[in-house]
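Here is my note on the model you sent. The points are numbered so that you can reply to them one by one.

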Amino acid sequence: MAPKAAAAASPTVSVEDLFTSLNRHIQRSEFHLAVRVSDQVLSIAPGDEDAIRCKVVALIKNDKIDDALSAIEKLSRKSSIDLTFFKAYCLYRQNKLDEALASLKGHNGDSAAMLLESQILFRLGRMDACVSVYQNLQKSKIDSLEINFVAALVTAGRATEVQGTIESLRLKPTSSFELAYNVACSLIERNKLQDAEQLLLSARRIGQETLMEENLLDDDIETELAPVAVQLGYVQQVLGNNPEALEAYSTLIKKNLADETSLAVAKSNLIALKGPKDVSDGLRKLDKLIVKGEGPTFSLASGLDLKLSPKQREAIYVNRLLLLLHSNKLDQARELASALPTMFPKSIMPVLLQAAVHVRENKANKAEEILGNFASKFPDKSNTVLLARAQVAASAGHPQIAAESLLKIQDIQHMPATTATIVALKERAGDIDGADAVFDSAIQWWSNAMAEDNKLAVIMREAALFKLRHGKKNEAARLFEELIKTHKSIDALVGLIETAAHTDVAKAESYEKQLKPLTGLKGIDVDGLEKTSGAKQVDNGPIAGIPEAYEQKNKEKTKKKRKRKPKYPKGFDPANPGPPPDPERWLPKRERSSFRPKRKDKRAAQVRGSQGAVGKEAANTVSSKSSQTTNSKGTSQNASTEQTKPSSKSRKKSRN
């Protein structure tokens, strides 16, 4: 048969049959077959909008995002159909968030496009804009919208609005375990930890019941409820129940569930809980989460960059850098610290960590420079950075820089503690006039402040003492006078009298009359006071009469010597001491008067042997004796009176 005849004989499939097959594949989630059938439809009807949409959606469902984008570009040129929504979703899946957001322009009023926009804004960290989109979507009937809405409010730092939002939607927090979890997160942000714990327990119970009704396996149920378990551990950690938190994190990590997001958060929280106790184990855990790219670039493994919030991602990197500092791996710490500002440009933590690395490297000047530049560039985030700069400068011996940093923090600049710290720093730097100006500024601020707990009296008193200490007696007296007029302070009156005594005695005497007389004080002996060295504090109570006290002071006190019992030798009876001890008991025996040397046995030196034999020792003795006799003839008679020491050698006559 000819080829043309064979082609004509093959049956042609109608478009209706192809769509029937396409629908069947979609219902069975056979998306790769759905793409193939869609191509068959488009080969017959190239401009069929339904086939184009089915192909794009099937590619997306089959996780072929790159193929979906290529198909969108190709089909958009051949057809007038608008595929920008699908393009935006594909870019969102590729984490090209800015391009995805730009593709959604022109879809105003479309609930699906607005929902995708809210997800993009959430991932970008633009939480206020995300909340605004959810508020506009409240009128549309979208399932589970309230869950994402509450999550956006919590992430945006607007946890106080969650309760009102739930009430306006006429919902209970326990209507679903996801909503209960998000509301519990809002309670944690509001520091209502006990209520959050109870709601998390309810969320776990509701979730187990709901998921069991859906016939999920036990492992799948634990995976779905893993975020609840991690949050329960965090609540225990904040409450100070560290053993319970440690057990919760460790149990979740040992199970190694499929929820990689919860596992990463649990590992990071566990490392923060342990601190520097087990640095090597913490670094091993974090090294599995962090992947180093080319150059100073880092990313999280297993797609965690797309699943974790910016705050969670930053916590993981921060924990690793702190562990590197604890383990003294400064090269790796410096490399990671240089990459963090680019990764989290709106956070102050990277610049603080950079300063910490420079401090560990003994480069305090560099740390001060980095912190100062950041504070100048971002004034709205400068308070924490300026506090860190002041601490670094004070520790490095730069008091003037520390004082300048504190002076730039307007919120706490005039607080008593801050004022005292700045004055102390300027005093250390030798800037007395600058310290005086700090006190004057604080006095002026508190004079105009309408606070209930006004600290003007405290500031004025310390300022007066400071001025008095540095020789500014007139200004100190003026401050004391103001304190007396406004607060009627006895301490100020005493201070004024002491101050005026140096400059204006008449004024001091006039103010001295305002002092109340002391009870029991009749008179003072000035001459007696001048002779004494001063009064001491009496523990038993107030002094009834000062002259009598000084009179008692002048009395000589006889010191009682403490008699101690003598210690006797063991077994000694002091009543029957016996004879007195020998006075020569401490002398060596040979030096005592009672010493007698031992005499050797004469028989031991007798010569044994035949008659006429002379022993070797005897011969030596005879020769030595004869020499001694010869030498002694020339000696004086005084030598004969000397006491001769007994010789240990026996003197024997040799036998002839």
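How many helices and how many strands does the chain have? The chain has 35 helices and two strands. The coordinates are those of a predicted model, and the points below should be read with that in mind.

1. Overall figures. The chain holds 656 residues, of which 33% count as buried. Its accessible surface comes to about 43200 Å², and carbon and sulfur atoms account for 50% of that area. Taking contacts between residues at least 6 apart in sequence, 47% join residues at least 24 apart.

2. Helix α4, span and packing. This helix covers residues 49-61. Its 13 residues should span 18 Å at 1.5 Å a residue, and the end C-alpha atoms are 18 Å apart, so the expected and modelled values agree. The buried residues of α4 are A51, I52, K55, V56, A58, L59 and I60. A lysine, K55, is thus listed among the buried residues of α4. The elements that these buried residues pack against are α2 (15-27), α3 (31-44), α5 (65-78) and α6 (84-93).

3. Helix α4, salt bridge. R53 and E49 form a salt bridge through their side chains, with an N to O distance of 3.6 Å. Both residues lie in α4, four residues apart, about one turn of the helix. In an α-helix there are 3.6 residues a turn, so residues three or four places apart point the same way. Is this pair buried or exposed? R53 has a relative accessible area of 33%, so R53 is partly exposed. E49 has 40% and is also partly exposed.

4. Helix α12. Residues 177-189 make up this helix, and the expected span for its 13 residues is 18 Å at 1.5 Å a residue; the end C-alpha atoms are 19 Å apart, which agrees. Ten of the 13 residues are buried, so α12 is mostly covered. They are F177, L179, A180, N182, V183, A184, C185, S186, L187 and I188. The cover includes α10 (145-155), α11 (162-168), α13 (193-213), α14 (218-224) and α15 (226-239). After α12 comes N191, with a positive phi near 65°.

5. Helix α18 and its salt bridges. D281 and K285 meet in a salt bridge at 2.5 Å, N to O. They are four residues apart in α18 (residues 279-287), and therefore separated by about one helical turn. Both D281 and K285 are buried. D287 and R320 form another salt bridge, at 3.0 Å. That pair links distant parts of the chain, with D287 in α18 and R320 in α20 (residues 310-326), 33 residues apart. D287 counts as partly exposed because its relative accessibility is 39%, whereas R320 is buried because its relative accessible area is 10%.

6. Salt bridges in total. The count comes to 26 salt bridges. A network of salt bridges links D433, D436, D440, K467, K472 and E475.

7. Aromatic pairs. There are seven aromatic pairs. One of them is formed by F85 and F86, which are edge-to-face, with 5.8 Å from centre to centre and 75° between the planes. F85 is partly exposed at 23% relative accessible area, while F86 counts as buried at 17%. The two residues fall on opposite sides of the cut-off because buried means under 20% relative accessible area. What is the geometry of F439 and F466? Their ring centres are 5.5 Å apart and the planes meet at 50°, so the pair is tilted. F439 lies in α27 (residues 432-448) and F466 in α28 (residues 456-469), so the pair ties together parts 27 residues apart in sequence. Both F439 and F466 are buried.

8. Charges over rings. The charged end of K292 sits over the ring of F298, at 5.9 Å from the ring centre. K381 is placed likewise over the ring of F378, with its charged end 5.7 Å from the centre.

Notes:
Residues numbered from 1 in each chain as written. Predicted model: local features only at pLDDT ≥ 70, side-chain atom pairs only at ≥ 80, totals over all residues. Heavy atoms only, no water. Salt bridge = Lys/Arg side-chain N within 4 Å of Asp/Glu carboxyl O. Buried < 20%, exposed > 50% of the residue type's maximum accessible area, 1.4 Å probe, protein only. Phe/Tyr/Trp six-rings, centres within 6.5 Å; stacked < 30°, edge-to-face > 60°. Lys NZ or Arg CZ within 6 Å of the ring centre and 35° of its normal. Contact = heavy atoms within 4.5 Å. Areas by Shrake-Rupley, 256 points an atom, 1.4 Å probe, with all protein chains shown as cover. Expected span 1.5 Å × (residues − 1).
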